[in-house]
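Subject: Structure handover

Hello,

Here is the structure for you to look through. Please open it first, then read my notes below.

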Amino acid sequence: MYSEKVMDHFQNPRNVGELENPSGVGTVGNAKCGDIMRIYLDVDENQIIRDVKFKTFGCGAAVATSSMATELVKGKSIYEALQVTNKAVMDALDGLPPVKVHCSLLAEEAIHAALWDYAEKHQMEIPGLEKPVSDISEHEDEEDY
């Protein structure tokens, strides 16, 4: 059912918590399943993510995808972080059951929402970054569940 990596990130999540004075914060949810994910970014003057934290209310897969997503963006530039997709999160976790794929979408959108917040605070545009949704279930097909 769940890979060893998913279980490890669920039982021993990395980067849990909040950042004081974050450079960007992204919060997204999924009204259909009730998961809520918030990602905090600390971006330095060179636009490198020097720290990242998350708080997630949801199932084990939501916690695991949050944890892995933070690991994938930490130390990366904001442009590299934008390239972290839900597929990259799933691949890094050695896969997710089909009914839990939406958790990886939540992670991708939370990263994008935090980057959007960072860009707005710094009056800049990040090429390729689109305004995030606050509820990912608005853009999913029923068959995803």
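A residue counts as buried when its relative accessible area is under 20%. Gly 17 has a relative accessible area of 16%, so Gly 17 is buried. Please keep in mind that this is a predicted model.

**The loop between α1 and β1**

Gly 17 sits in the loop that links α1 to β1. Strand β1 covers residues 24-30. Which residues does Gly 17 touch, not counting those up to four places away in sequence? They are Tyr 40, Lys 53, Phe 54 and Lys 55. Take Phe 54 as an example. Along the chain, Gly 17 and Phe 54 are 37 residues apart. Yet their C-alpha atoms are separated by 5.5 Å.

Asn 15 belongs to the loop between α1 and β1 too. Its relative accessibility is 12%, so Asn 15 counts as buried. Look at its backbone as well. Most residues other than glycine have a negative phi. Asn 15 has a positive phi, near 65°.

**The loop between α4 and α5**

Asp 94 is another non-glycine residue with a positive phi, here near 60°. Asp 94 is placed in the loop between α4 and α5. Leaving out residues up to four places away in sequence, Asp 94 touches Ser 3 and Lys 5. Now try Gly 58. Asp 94 and Gly 58 are 36 residues apart along the chain. Their C-alpha atoms are separated by 20 Å.

**The largest nonpolar core**

In soluble globular proteins, nonpolar side chains tend to be buried together. In this model, the largest nonpolar core has 39 residues. Which of them touch the most other members? They are Ile 39, Leu 41, Ile 49, Leu 115 and Ile 126. Several elements each supply at least two residues of this core. The strands are β2 (35-43) and β3 (49-57). The helices are α2 (60-73), α3 (78-82), α4 (86-92) and α5 (101-121). Helix α5 gives the most, with 10 residues.

Zoom in on Ile 49. Set aside its neighbours within four places in sequence. Ile 49 is then in contact with Leu 41, Asp 42, Val 43, Val 73 and Lys 74. Its other contacts are Gly 75, Lys 76, Ser 77, Ile 78 and Ala 81.

**Helices α1 and α2**

At what angle do α1 and α2 pack? The angle is about 90°, and the axes are 8 Å apart. An angle of 65 to 115 degrees counts as roughly perpendicular, so α1 is roughly perpendicular to α2. Helix α1 spans residues 4-11. Val 6, His 9 and Phe 10 make the contact from the α1 side. From α2 come Gly 60, Val 63, Ala 64, Ser 67, Met 68 and Glu 71. These contact residues divide into five nonpolar, three polar and one charged.

**Ser 104**

Is Ser 104, in helix α5, buried or exposed? Its relative accessibility is 0%, so Ser 104 counts as buried. A polar atom of its side chain lies 2.6 Å from the backbone oxygen of Val 101. Ser 104 also has contacts beyond four places in sequence. These are Thr 65, Asn 86, Val 89, Met 90 and Leu 96.

Best wishes

Conventions
Residues are numbered from 1 along each chain as its sequence is written. This is a predicted model: local features need pLDDT of at least 70, side-chain atom pairs count only at pLDDT 80 or more; totals for chains, interfaces and linings use all residues. Side-chain values use heavy atoms; hydrogens and water are left out. A nonpolar core is a set of buried Ala, Val, Leu, Ile, Met, Phe, Trp, Tyr and Cys residues joined through side-chain atoms within 4.5 Å. Buried means under 20% relative accessible area, exposed over 50%, partly exposed in between (1.4 Å probe, protein chains only). Helices (H or I, at least four residues) and strands (E, at least two) are DSSP runs, numbered from the N terminus. Contact means heavy atoms within 4.5 Å. Axes are lines fitted to C-alpha atoms, for helices over the stretch in contact, and angles run from 0 to 180 degrees between N-to-C directions. Angles under 35 degrees count as roughly parallel, over 145 as roughly antiparallel, 65 to 115 as roughly perpendicular and the rest as oblique. Ala, Val, Leu, Ile, Met, Phe, Trp, Tyr, Cys and Pro count as nonpolar, Asp, Glu, Lys and Arg as charged, and the others, Gly among them, as polar. A polar contact is a pair of N or O atoms within 3.5 Å; within protein, one must be able to donate a hydrogen and the other to accept it, and residues adjacent in sequence count only if both atoms are side-chain atoms.
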